[in-house]
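Okay, thanks for coming, everyone. Let me put the structure up and then walk you through a few spots in it.

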Amino acid sequence: MAQSDDMFGDEDYPAYTMGRAAEIVGASQDFLRRLDEAKLFTPYRSAGGHRRYSRYQLRLAARAREMVDEGTALEAACRIIILEDQLEEALRQNENYKRQHDSGAA
């Protein structure tokens, strides 16, 4: 498999332009800029300074759009998503720790 194929398989690879990202998420480009300002995520910048988005960032943006569409303030939606993401990561790390500890105790 070519290296570029590997990169596009990586959910953190910034493969999408702002226009394409907005289209995928079903939101405006301004909405994506506001997510950056609210610090939900920071898009990668190309050498020319253009924003590029990963699939992971698009999932977060889609979740924020859903919450905003349901009436949640943008800043609150971003904070909730950040906290959910942090909780998920903490639970994953805890599970890995348990697995390592359990296998070492056997």
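**The pocket, the core and one ring pair**

So, let's start with the largest pocket: helix 5 gives the largest share of its lining, five residues. Keep in mind that this is a predicted model. The pocket has a volume of about 160 Å³. Who lines it? The residues are E11, Y56, R59, L60, R63, I81, E84, D85, E88 and R92. By element, helix 4 and helix 5 are the ones that give two or more residues to that lining. And for anyone thinking about electrostatics, the lining splits into seven charged residues, three nonpolar and no polar.

Okay, on to the core. The largest nonpolar core has 20 residues, and the ones touching the most other members are L32, L35, L40, F41 and Y53. Helix 2 (18–25), helix 3, helix 4 (55–69) and helix 5 (74–105) each put in at least two residues. Take L40 from that group: leaving out anything up to four places away in sequence, L40 touches L35, L60, A64, C78, I81 and I82. You've heard two of those names already, as L60 and I81 are also in the pocket lining.

Now, the rings. How many aromatic pairs does the structure hold? Just one. A pair like this is described by the distance of the ring centres and the angle of the planes. Here the partners are F41 and Y53, with centres 5.9 Å apart and planes at 85°; that angle is over 60 degrees, so we call the pair edge-to-face. F41 sits in the loop between helix 3 (29–37) and strand 2 (44–45), while Y53 is in strand 3 (residues 51–53), so the pair ties together parts 12 residues apart in sequence. Are these two buried or exposed? Both are buried.

Let me stay around Y53 for a moment. R20, over in helix 2, is 33 residues from Y53 in sequence, yet their C-alphas are 9.1 Å apart in space. R20 has 40% relative accessibility, so R20 counts as partly exposed.

Last stop is S54, in the loop between strand 3 and helix 4. S54 comes out at 3% relative accessibility, which means it counts as buried. What does S54 touch, not counting residues up to four places away in sequence? Its contacts are E11, D12, Y13, P14 and Y16. And E11, you'll remember, is one of the residues lining the largest pocket.

That's my tour, so over to you.

Key
Residues are numbered from 1 along each chain as its sequence is written. This is a predicted model: local features need pLDDT of at least 70, side-chain atom pairs count only at pLDDT 80 or more; totals for chains, interfaces and linings use all residues. Side-chain values use heavy atoms; hydrogens and water are left out. Rings of Phe, Tyr and Trp (its six-membered ring) pair if their centres lie within 6.5 Å; planes under 30 degrees apart count as stacked, over 60 as edge-to-face and the rest as tilted. Helices (H or I, at least four residues) and strands (E, at least two) are DSSP runs, numbered from the N terminus. Buried means under 20% relative accessible area, exposed over 50%, partly exposed in between (1.4 Å probe, protein chains only). A nonpolar core is a set of buried Ala, Val, Leu, Ile, Met, Phe, Trp, Tyr and Cys residues joined through side-chain atoms within 4.5 Å. Contact means heavy atoms within 4.5 Å. On a 1 Å grid over the protein atoms alone, a cavity is a set of points where a 1.4 Å probe fits but cannot get out, and a pocket is an open set with protein on both sides within 12 Å along at least five of seven lines; lining residues have an atom within 4 Å of a point. Grid points are joined across faces, edges and corners, and a volume is the space filled by probe spheres set on the points. Ala, Val, Leu, Ile, Met, Phe, Trp, Tyr, Cys and Pro count as nonpolar, Asp, Glu, Lys and Arg as charged, and the others, Gly among them, as polar.
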